[in-house]
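Thanks for passing this one along. Here are my notes, point by point, to read with the model open beside you.

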Amino acid sequence: HIVSSLVIFAHFALVKFQLRNEAVPHDDPNRGWKIGAPTVAFAMKHAILLQLGVLPLTMCRYTISKLSSTSPLNRVIPFEEFTKYHIAIGYTLVSLVLVAFV
């Protein structure tokens with residue numbers, strides 16, 4: 001989960017950095033801020049969207065109970081731990097939102 005969040009953040013930060021780097025003139029006195037701030041905000045937005053997309057999946061109780069009792073995926077994915085995973089995603093989401101606003 002952390003790795004996927006970091007990959008999403010890095011990808012969208014790189015995309016936005018390349019766009020802003022071409023758009024901002026090289027002699028601009030605040031060039032670093034004009035490139036850095038939108039880059040971090042854009043990447044953080046997409047990392048938060050990932051959290052919001054995954055969060056409801058961890059509370060699909062009927063699907064989780066069926067998969068944990070009948071599926072061979074139960075050996076690979078710990079379906080019984082999804083409540084803890086839901087809480088961890090929630091804390092990650094709140095911390096990302098706080099960082100995005102600071």
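1. Let me start with the surface. The protein exposes about 7300 Å², and 70% of that area is supplied by carbon and sulfur atoms. Please keep in mind that this is a predicted model. Of its 102 residues, 22% count as buried.

2. Next, the overall build. The protein has four helices and zero strands, and reading along the sequence gives the pattern α-α-α-α. Taken along the principal axes, the C-alpha atoms fill a box of roughly 65 × 25 × 15 Å. The radius of gyration is 18 Å, whereas a compact globule of 102 residues would come out near 13 Å.

3. On contacts, I looked at those between residues at least 6 apart in sequence. Of these, 63% join residues at least 24 apart.

4. Now to the aromatic rings. How many aromatic pairs are there? With ring centres required to lie within 6.5 Å, the count comes to two. One of them is F12 with F42: the centres are 5.9 Å apart and the planes stand at 70°, and because an angle over 60 degrees counts as edge-to-face, this pair gets that label.

5. Where do the two partners sit? F12 belongs to helix α1 (residues 2-23) and F42 to helix α2 (residues 31-54), so their pairing ties together parts that are 30 residues apart in sequence.

6. F42 deserves a second look. Its relative accessibility is 22%, and because buried means under 20%, F42 counts as partly exposed. F42 also has a charged neighbour: K16 lies over the face of its ring, at 5.1 Å from the ring centre.

7. F82 and Y85 also form an aromatic pair, with 6.0 Å from centre to centre and 40° between the planes, which makes it tilted. Both residues lie in helix α4 (residues 82-101), and they are three residues apart, about one turn of the helix.

8. Are F82 and Y85 buried or exposed? F82 is buried, since its relative accessible area of 18% falls under the 20% cut-off. Y85, at 31%, is partly exposed, because that value lies between the 20% and 50% limits.

9. To recap the ring story for your own notes: F12 and F42 meet edge-to-face, with K16 over the face of F42, while F82 and Y85 form a tilted pair within helix α4.

Terms used:
Residues numbered from 1 in each chain as written. Predicted model: local features only at pLDDT ≥ 70, side-chain atom pairs only at ≥ 80, totals over all residues. Heavy atoms only, no water. Phe/Tyr/Trp six-rings, centres within 6.5 Å; stacked < 30°, edge-to-face > 60°. Helix = DSSP H or I, 4+ residues; strand = E, 2+ residues; numbered from the N terminus. Buried < 20%, exposed > 50% of the residue type's maximum accessible area, 1.4 Å probe, protein only. Lys NZ or Arg CZ within 6 Å of the ring centre and 35° of its normal. Rg over C-alpha atoms; globule rule 2.2 N^0.38 Å. Contact = heavy atoms within 4.5 Å. Areas by Shrake-Rupley, 256 points an atom, 1.4 Å probe, with all protein chains shown as cover.
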